[in-house]
Amino acid sequence: MTAQDSATPPSSIAVGGAGTAHAIRGTHNTHGTRGGTLLAVLGVVAFSLTFPSTVWGLESFGPWSLVAVRSALAALIAGGFLLALRVPVPERRHWAGLAVVGGGVVVGFPLLTTLALETSTTSHAAVVVGLLPLTTAAFAAVRTGRRPSRAFWLAALAGAAVVITFAVQQSGGALSSGDLYLFGALLVCAAGYTEGGRLAGVMPGWQVVGWALIGCLPLAVAGAAVALSFEPVRLTAHGVIGLAWVAAGSTFFGLYVWYRGMASIGIARASQLQLAQPVLTLVWSVLLLGEHLTPAAPVAAVAVLVCIAVTQRAGT
């Protein structure tokens with residue numbers, strides 16, 4: 001996940017003062033940076049396991065059931081934390097934005113990627129969704145009215161061309177239904193990330209996701225009741241582990257440590273760490289699912305990462 005949190009604290013290293021105080025503050029800042037980096041890395045690892053865990057979850061649940069139960073469980077976990085910490089309900093003026101976050105991040109992206117993974121391999125989905133940082137940056141530019149540089153747009157278009165070419169080549173000359181689901185997932189998630197980034201300027205990022213989950217809880221519960229009555233459930237160890245991870249690991253834990261880490265080390269540094277996410281997913285697809293990577297998958301993944309790195313250097 002890449003929604004931005006603007007709560008990056010200033011450096012705690014004092015310019016003047018006694019040498020002892022300067023050393024203590026400098027050590028504290030170093031420890032804080034290391035801790036923030038570790039949290040951000042944990043978030044990236046958690047997110048990289050989402051697709052393999054979804055494939056495991058589909059062994060036991062249908063796609064609609066898996067997404068609905070996943071969202072309901074994640075909302076209950078988030079609600080427990082919000083209640084325990086006595087976090088106040090957001091102001092009414094933020095509810096529309098939270099609805100966009102919920103529709104894009106909590107419902108839209110999980111549902112569309114789950115439907116895609118019924119027919120697409122995890123490695124294929126990882127390469128396509130690796131375009132998400134570029135999609136989010138482009139969406140944010142339109143949403144905020146900023147004008148990115150020409151180098152930014154050229155790199156973004158190059159990344160899109162790589163992904164589309166890869167998807168067409170892997171699907172036998174035409175985009176498959178799974179590809180269409182994945183491209184739809186990119187759009188709705190980018191919208192959710194962009195709105196979440198705006199809201200993260202007025203409340204901690206994990207609270208943004210927490211309240212978005214709570215807002216989707218009635219829909220998730222109703223959806224689970226309907227979906228479970230139509231889709232058969234065949235519980236397996238992989239299925240239960242997959243459901244548990246996408247609910248507690250990816251949706252809650254991953255977002256929590258990611259936002260905490262990003263607030264500590266800054267958005268730019270955290271974004272650099274997330275460049276490893278698609279590659280990690282390719283590794284998990286081999287180790288956990290036994291998939292055989294095509295030669296084009298790692299090549300396309302690295303090409304997308306290069307394009308993302310160029311956009312970050314070009315700035316917005």
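Trainee: Which residues of helix α12 (residues 277-287) are buried?
Mentor: This is a predicted model: local features need pLDDT of at least 70, side-chain atom pairs count only at pLDDT 80 or more, and totals for chains, interfaces and linings use all residues. Numbering runs from 1 along each chain as its sequence is written, and side-chain values use heavy atoms, without hydrogens and water. Buried means under 20% relative accessible area, exposed over 50%, partly exposed in between (1.4 Å probe, protein chains only). In α12 the buried residues are Gln277, Pro278, Thr281, Leu282 and Ser285.

Trainee: Within what arc do the buried residues of α12 fall?
Mentor: Look down the axis of α12: the buried residues line one face of the helix. The arc is taken over directions from the helix axis to the C-beta atoms. For α12, the buried residues fall within an arc of 145 degrees.

Trainee: How many helices does the chain have?
Mentor: Helices (H or I, at least four residues) and strands (E, at least two) are DSSP runs, numbered from the N terminus. From the N terminus on, each element of the chain is an α. There are zero strands, and the count of helices is 13.

Trainee: What share of the chain counts as buried?
Mentor: The chain has 316 residues. The share that counts as buried is 48%.

Trainee: Which helix gives the most to the largest nonpolar core?
Mentor: A nonpolar core is a set of buried Ala, Val, Leu, Ile, Met, Phe, Trp, Tyr and Cys residues joined through side-chain atoms within 4.5 Å. The largest one has 56 residues, and Val129, Leu186 and Leu213 have the most contacts inside it. With eight residues, the top contributor to this core is helix α9 (residues 205-230).

Trainee: How many residues are in the other core, apart from that one?
Mentor: Among its members are Ala126, Leu282, Ala300 and Ala301. Leu282 is also one of the buried residues of α12. This other core has a membership of seven residues.

Trainee: Which residues does Leu213 touch, beyond four places in sequence?
Mentor: Contact means heavy atoms within 4.5 Å. One partner of Leu213 is Thr251, a residue of helix α10 (residues 237-265). The full list for Leu213 is Ser71, Ala74, Ala75, Ala78, Val106 and Thr251.

Trainee: Which side chain makes a polar contact with that of Thr251?
Mentor: Thr251 is buried, with a relative accessible area of 11%. A polar contact is a pair of N or O atoms within 3.5 Å; within protein, one must be able to donate a hydrogen and the other to accept it, and residues adjacent in sequence count only if both atoms are side-chain atoms. A polar atom of the Thr251 side chain also lies 2.5 Å from the backbone oxygen of Val246. The side-chain partner, at 3.2 Å, is Arg70.

Trainee: Which backbone oxygen lies 2.8 Å from a polar atom of the Ser53 side chain?
Mentor: Ser53 sits in helix α2 (residues 50-57). Ser53 counts as buried because its relative accessibility is 8%. Leaving out residues up to four places away in sequence, Ser53 touches Gly242, Trp245 and Val246. The backbone oxygen in question belongs to Leu49.

Trainee: How far apart in space are Pro63 and Leu112, C-alpha to C-alpha?
Mentor: Pro63 belongs to helix α3 (residues 63-84), and Leu112 to helix α4. Pro63 is buried, at 8% relative accessibility. In sequence the two are 49 residues apart; in space the separation is 9.3 Å.

Trainee: Which residues does Leu112 contact, beyond four places in sequence?
Mentor: Pro63, for its part, contacts Leu58, Thr114, Leu115, Glu118 and Glu231 under that sequence cut. For Leu112 the contacts are Tyr181, Gly184, Ala185 and Val188.

Trainee: How many residues of α4 (residues 95-116) are buried?
Mentor: Helix α4 has 22 residues and reaches 30 Å from its first C-alpha to its last, close to the 32 Å expected. The expected span is 1.5 Å times one less than the number of residues. α4 is mostly covered, and its buried residues number 16.

Trainee: What phi does Arg86 take, just after α3?
Mentor: Arg86 is in the loop between α3 and α4. Arg86 counts as exposed, at 75% relative accessibility. Most residues other than glycine have a negative phi. Arg86 takes a positive phi, of about 55 degrees.
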